[in-house]
Amino acid sequence: MNGLLIIAHAPLASALRKCVLHVFPDAAETMAALDVLPNVPPEESLAQARMLMAQLGTPQTLVVTDIFGATPCNVASKLVDGVRSRLIAGANLPMLLRTVSYRNESLDALVARAVAGGTQGVIQVAITAPHHQVRRSTHDQDHRDHQQ
């Protein structure tokens, strides 16, 4: 079974972990989160990340961060080795739910599933006006949206 380590700006990593555990409470022992705090040296965050990864005790670990190029991602890039661990940036809840759903697959397959889940989870939702309400045109010159 693969481990999952979320490294993100505080409090996002912990919040994402809690959301995943709401759906998959049985994944608690194979998931960890590191909230990177402002004004904490990256070396300290890296030491915490190494400790969390070791505590997972899984043969392989997928590390997920929030923003490519930001401090959490930079810390994670020093953590992963590309063999026993892989790194994905752009964490979102659909990505993590997909990852946990398929955590028993190979690390390569898990990376592909995570990326697919993350991208497929981002969609534009069409909103329609309620049946009894007429939607105003943006070109309507006579509308007043401010209160008096």
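**Exercise 1.** Determine whether R103 is buried or exposed in this predicted model, and identify the residue with which R103 forms a salt bridge.

*Solution.* Step 1: R103 has a relative accessible area of 11%. The cut-off for a buried residue is under 20%, so R103 is buried.
Step 2: The side chain of R103 meets that of D26 in a salt bridge, at 2.8 Å from N to O. D26 lies in the loop between α1 (12–23) and β2 (31–36), and R103 in the loop between α4 and α5 (107–120), so the pair ties together parts 77 residues apart in sequence.
Step 3: The partner D26 counts as exposed, at 55% relative accessibility.

**Exercise 2.** Locate the largest cavity by its lining residues and state which element gives the most to this lining.

*Solution.* Step 1: The search of the whole structure yields one cavity of 30 Å³ or more; the space in the largest cavity is about 50 Å³.
Step 2: Its lining includes N2, G3, L4, T99, V100 and R103. Two or more lining residues come from each of β1 (2–9) and α4 (93–101), and β1 gives the most, with three.
Step 3: By residue class, the lining holds six nonpolar, four polar and one charged.

**Exercise 3.** State how many salt bridges the model contains and describe those formed by R86 and R113.

*Solution.* Step 1: The count is three.
Step 2: R86 pairs with D108 at 2.3 Å, N to O. R86 lies in strand β4 (residues 85–89) and D108 in helix α5, so parts 22 residues apart in sequence are tied together. R86 is partly exposed, at 22%.
Step 3: R113 forms a salt bridge with E105, the closest N and O atoms being 3.0 Å apart. R113 is partly exposed at 30% relative accessibility, and E105 is partly exposed at 26%.

Key. Residues numbered from 1 in each chain as written. Predicted model: local features only at pLDDT ≥ 70, side-chain atom pairs only at ≥ 80, totals over all residues. Heavy atoms only, no water. 1 Å grid on protein atoms, 1.4 Å probe; cavity = no way out; pocket = protein on both sides within 12 Å on 5 of 7 lines; lining within 4 Å. Points joined across faces, edges and corners; volume = space filled by probe spheres on them. Helix = DSSP H or I, 4+ residues; strand = E, 2+ residues; numbered from the N terminus. Nonpolar A, V, L, I, M, F, W, Y, C, P; charged D, E, K, R; others polar. Salt bridge = Lys/Arg side-chain N within 4 Å of Asp/Glu carboxyl O. Buried < 20%, exposed > 50% of the residue type's maximum accessible area, 1.4 Å probe, protein only.
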